[in-house]
Amino acid sequence: MASGAGKSAAFMLLILNVLLYFIVTVISGWAVNHAIERSHETASTLSIPAKIFPVFFPFGNMATCFLIIFSLIAGVVGFITSLTGIHNVIQWNAPNLHAAAFSSLTTWLLTLLAMGLACKEIDKRWTDSNLRTLETILIILGGTQMFCTAAIHAGIEDVITREV
């Protein structure tokens with residue numbers, strides 16, 4: 001891959017990922033806030049195993065709590081690593097690209113975990129529109145983060161072959 005093409009592809013994918021991870025963080029944060037505010041009134045009518053959990057999600061299904069928590073973690077980590085990745089890609093040298101590649105791979109793995117839970121949520125059915133939006137964005141992020149990770153790794157190969 002030519003130096004300019006790899007740099008611009010990685011940069012544009014990182015910009016897209018910053019926006020998508022911000023949306024995931026906002027929706028997940030809203031869901032956690034909504035669950036905390038409504039858990040007392042809703043969980044009081046539940047049987048004993050459901051009362052044990054400190055946060056009960058009054059919407060969605062039984063996979064919702066895991067989806068929301070892991071998507072919040074993936075959203076925050078993805079947002080921050082995408083911002084630092086933009087800085088590293090602008091520098092475009094081997095040490096910075098190695099740092100960007102590691103953080104991009106870590107973010108991709110967290111996103112895949114959240115995406116798997118989103119697929120489980122879809123499989124269980126019965127979710128509201130906010131959760132469907134979150135599930136859709138997580139699935140899209142799984143792909144864009146994979147391409148971003150590949151573009152950064154291709155950039156590392158390009159920089160190393162140019163230096164030798």
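**Entry 1: helices α4 and α5.** I looked up how helix α4 (residues 94-124) and helix α5 (residues 129-163) pack in this predicted model. Their axes lie 8 Å apart, and the angle at which they pack is about 155°. Angles over 145 degrees count as roughly antiparallel. I therefore recorded α4 and α5 as roughly antiparallel to each other. I also noted the handedness: α4 passes α5 in a left-handed crossing.

**Entry 2: the nonpolar patch.** Which residues make the nonpolar surface patch of about 410 Å²? I found F66, I69, F70, I73 and L113. I then asked which helix gives the most to the nonpolar patch. That is helix α3, which spans residues 64-91 and gives 4 residues.

**Entry 3: I73.** From the patch I chose I73, which lies in helix α3. Its relative accessibility is 39%. Buried means under 20% and exposed means over 50%, with partly exposed in between. I73 therefore counts as partly exposed.

**Entry 4: I27.** I turned next to I27, whose place is in helix α1 (residues 3-43). Is I27 buried or exposed? I read a relative accessibility of 15% for I27. Because buried means under 20%, I27 counts as buried.

**Entry 5: I27 and S71.** I looked up the separation of I27 and S71, which are 44 residues apart along the chain. In the model, the C-alpha atoms of I27 and S71 are separated by 9.2 Å.

Note on methods:
Residues numbered from 1 in each chain as written. Predicted model: local features only at pLDDT ≥ 70, side-chain atom pairs only at ≥ 80, totals over all residues. Heavy atoms only, no water. Patch = residues over 30% accessible without salt bridge, like charges linked within 9 Å, V, L, I, M, F, W, Y side chains within 5 Å. Areas by Shrake-Rupley, 256 points an atom, 1.4 Å probe, with all protein chains shown as cover. Salt bridge = Lys/Arg side-chain N within 4 Å of Asp/Glu carboxyl O. Helix = DSSP H or I, 4+ residues; strand = E, 2+ residues; numbered from the N terminus. Buried < 20%, exposed > 50% of the residue type's maximum accessible area, 1.4 Å probe, protein only. Axes fitted to C-alpha atoms, helices over the stretch in contact; angles between N-to-C directions. Parallel < 35°, antiparallel > 145°, perpendicular 65-115°, else oblique. Left-handed = near helix turned anticlockwise from the far one by under 90°.
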